[in-house]
Amino acid sequence: MKKTILKNKGFSLVEMIIVLAIVAVMSTMALISINVIHSAKAKDAASVFDSEVATLKTKAKGMGVDLNKDGKLDESELNLLYCIKIYKEGDTYYLCTGYTNKSSIASSFVSTATNNSGKGRNLSSYVKIKYTGKLADGTTVTDQEPGDEGNAIYIVFNKRGECVSGVGEYEFFKPNGRTVARKYIRANGSHGSK
């Protein structure tokens with residue numbers, strides 16, 4: 001009985017070093033994977049933004065906002081423009097499509113989004129957005145993060161394809177603060193990446 005107890009001395013120093021090395025390698029691989037996933041989600045958010053802006057511009061140039069769907073625009077519909085509202089709820093940004101009155105963009109926005117119970121397309125919570133340009137009320141801002149419903153950023157195109165609100169630069173960041181994409185919208189309606 002004493003011989004079997006004496007033979008079981010535990011792990012050797014070499015075995016412990018090997019186990020620690022394996023744990024260190026696995027931890028490093030996990031951190032790299034998480035970083036790659038965050039980068040991909042931030043780049044995807046920038047792509048979604050670019051796609052939504054292109055769709056908005058095409059819609060604005062191609063048709064007016066026909067609320068009663070009778071095929072013609074009446075007097076009240078002539079002042080309506082298609083719009084995207086970018087806002088943040090909790091840690092998530094949303095791109096909400098809709099229409100607004102050109103004289104009071106922020107206060108007259110009406111959502112036409114059907115996804116997420118009318119909130120619009122949600123972007124990953126692993127992305128941050130900063131905007132530099134002019135807000136709907138004409139205020140010039142630098143590195144402003146879209147806020148809640150009251151501090152949203154509105155992108156509006158008129159029927160000639162010109163951007164009348166939301167002109168400027170949109171910067172997409174990973175949670176660690178590294179920029180993954182920069183998108184711009186110019187007053188003439190052109191948009192793209194920097």
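In this predicted model, the side chain of Thr-100 makes a polar contact with the side chain of Ser-108, at 2.9 Å. Thr-100 sits in strand S2, which covers residues 92-101. Its relative accessible area is 1%, so Thr-100 is buried, the cut-off being under 20%. Residues up to four places away in sequence aside, Thr-100 touches Asn-79, Leu-80, Leu-81, Cys-83, Ile-105, Ser-108, Phe-109 and Val-156. Ser-108 thus appears both as a contact of Thr-100 and as its side-chain polar partner.

Two of these contacts, Leu-80 and Leu-81, also belong to the lining of the largest cavity. Rolling a probe the size of a water molecule over the atoms shows where empty space is left. Across the whole structure, the search finds one cavity of 30 Å³ or more. The space in the largest cavity is about 30 Å³. Its lining consists of Ala-60, Met-63, Gly-64, Val-65, Leu-80, Leu-81, Tyr-82, Phe-157, Asn-158 and Lys-159. Strand S1 (residues 80-89) gives the most to this lining, with three residues. By class, seven lining residues are nonpolar, two are polar and one is charged.

Ala-60, part of the cavity lining, is also one of the buried residues of helix H2. Helix H2 runs over residues 13-62 and has 50 residues. From first C-alpha to last, H2 reaches 73 Å, close to the 74 Å expected at 1.5 Å a residue. The buried residues of H2 are His-38, Ser-39, Ala-42, Ala-45, Ala-46, Val-48, Phe-49, Glu-52, Val-53, Leu-56 and Ala-60.

Ala-46 and Phe-49, both buried in H2, are in contact with Lys-183. Lys-183 lies in strand S10 (residues 179-185). Lys-183 has a relative accessible area of 9% and is therefore buried, the limit being under 20%. The Lys-183 side chain makes a polar contact with the side chain of Ser-193, at 2.7 Å. Neighbours within four places in sequence aside, the contacts of Lys-183 also include Asp-50, Gly-168, Glu-169, Tyr-170, Phe-172, Gly-192 and Ser-193.

The open pockets were examined as well. The largest pocket has a volume of about 170 Å³. It is lined by Ala-106, Leu-135, Ala-136, Asp-137, Gln-144, Glu-149, Gly-150, Asn-151, Ala-152 and Tyr-154. Five of these lining residues are nonpolar, three are polar and two are charged.

Definitions and conventions:
Residues are numbered from 1 along each chain as its sequence is written. This is a predicted model: local features need pLDDT of at least 70, side-chain atom pairs count only at pLDDT 80 or more; totals for chains, interfaces and linings use all residues. Side-chain values use heavy atoms; hydrogens and water are left out. Helices (H or I, at least four residues) and strands (E, at least two) are DSSP runs, numbered from the N terminus. The expected span of a helix is 1.5 Å times one less than its number of residues. Buried means under 20% relative accessible area, exposed over 50%, partly exposed in between (1.4 Å probe, protein chains only). A polar contact is a pair of N or O atoms within 3.5 Å; within protein, one must be able to donate a hydrogen and the other to accept it, and residues adjacent in sequence count only if both atoms are side-chain atoms. Contact means heavy atoms within 4.5 Å. On a 1 Å grid over the protein atoms alone, a cavity is a set of points where a 1.4 Å probe fits but cannot get out, and a pocket is an open set with protein on both sides within 12 Å along at least five of seven lines; lining residues have an atom within 4 Å of a point. Grid points are joined across faces, edges and corners, and a volume is the space filled by probe spheres set on the points. Ala, Val, Leu, Ile, Met, Phe, Trp, Tyr, Cys and Pro count as nonpolar, Asp, Glu, Lys and Arg as charged, and the others, Gly among them, as polar.
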